[in-house]
Amino acid sequence: MTVKMERKLLDRDGTWDYIGAEWFEVKEGTRWECIRCSDCCRKDWTINLTWKEFDRLKGDVRVLDLPGLGLEVDPETGLDHPFFRLDGACPMLRSEGAVCTIYPDWPYTCAVYPFLLLPDGRLMAHRGCTGFGHGEPVDIERWKGRVLDERAKAGMVRDR
Ligand code: SF4
Ligand code: SF4
């Protein structure tokens, strides 16, 4: 979650040959359920935003004036994508009940965590999520579709 988590390299053939040990491929039978521990909202991660998400959050009355929330653009280039930092606890997390106060208008990164869809079609999962081993087997095709839908919602691809 670049959340600097989408670390990846292409080899010469254009296939993914490295993604980092914190990711594993979701296989048939992999069980997962979000157990609402809110652990992923309490990291020191950086949440990358698309410009569409940036504009939406800046205009969201639930987000305006939140203490600790800074929507930023890379200061070195000024041209990079915007982002915000969790710094140990996302400002949009309501502690009681571990509720995301902007759901379902949360960023793509949050909507698809802990999953990541590679260009070669593999659905990967982040080991840091505590929900693995809980719930029913992951519906891999449904999650792939959800990732693509969320990308469209975030403005990463043309609306389908
Ligand atoms: S760490 Fe995993 S189980 Fe916990 S809230 Fe985040 S997605 Fe859900
Ligand atoms: S925006 Fe919501 S889901 Fe994303 S890190 Fe903040 S509280 Fe968690």
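A residue counts as near a molecule if its C-beta atom, placed from the backbone, lies within 6 Å of it. Keep that in mind for the first stop, and remember that you're looking at a predicted model.

**Stop 1: ligand 2.** Select ligand 2, then light up its surroundings: Cys-41, Leu-86, Cys-90, Met-92, Leu-93, Cys-100, Ile-102, Trp-106 and Cys-110. Try colouring this shell by residue type. You'll get 9 nonpolar residues, no polar ones and no charged ones.

**Stop 2: a sheet.** Now switch to cartoon view and pick out β3, β11 and β10. In that order, they make up an open sheet of 3 strands with antiparallel pairing. The edge strands are β3 (23–25) and β10 (115–117), each pairing on one side only. Look along the sheet and you'll see that neighbouring strands are turned by 35° against each other on average, ignoring direction.

What holds strands like these side by side? Strands of a sheet pair through backbone hydrogen bonds, either parallel or antiparallel.

Zoom in on β3 and β11 (residues 123–126), which pair in the antiparallel sense over 3 bridges. For one spot to click on, take Phe-24: its bridge partner in β11 is Ala-125.

**Stop 3: helix α3.** Next, select residues 140–154. That's helix α3, which lies across β10 and β11 and runs at about 75° to β10. Grab your distance tool and check the helix from end to end. With 15 residues at 1.5 Å a residue, α3 should span 21 Å, and its end C-alpha atoms are 21 Å apart, so the two agree.

**Last stop: Gly-155.** Step just past α3 to Gly-155, where phi is positive, near 85°.

Conventions:
Residues are numbered from 1 along each chain as its sequence is written. Chains are lettered from A and ligands numbered from 1 in the order in which they are written. This is a predicted model: local features need pLDDT of at least 70, side-chain atom pairs count only at pLDDT 80 or more; totals for chains, interfaces and linings use all residues. Two strands pair if DSSP finds at least two bridges between them. Helices (H or I, at least four residues) and strands (E, at least two) are DSSP runs, numbered from the N terminus. Axes are lines fitted to C-alpha atoms, for helices over the stretch in contact, and angles run from 0 to 180 degrees between N-to-C directions. Two residues are in contact if their C-beta atoms, placed from the backbone, lie within 7 Å. Ala, Val, Leu, Ile, Met, Phe, Trp, Tyr, Cys and Pro count as nonpolar, Asp, Glu, Lys and Arg as charged, and the others, Gly among them, as polar. The expected span of a helix is 1.5 Å times one less than its number of residues.
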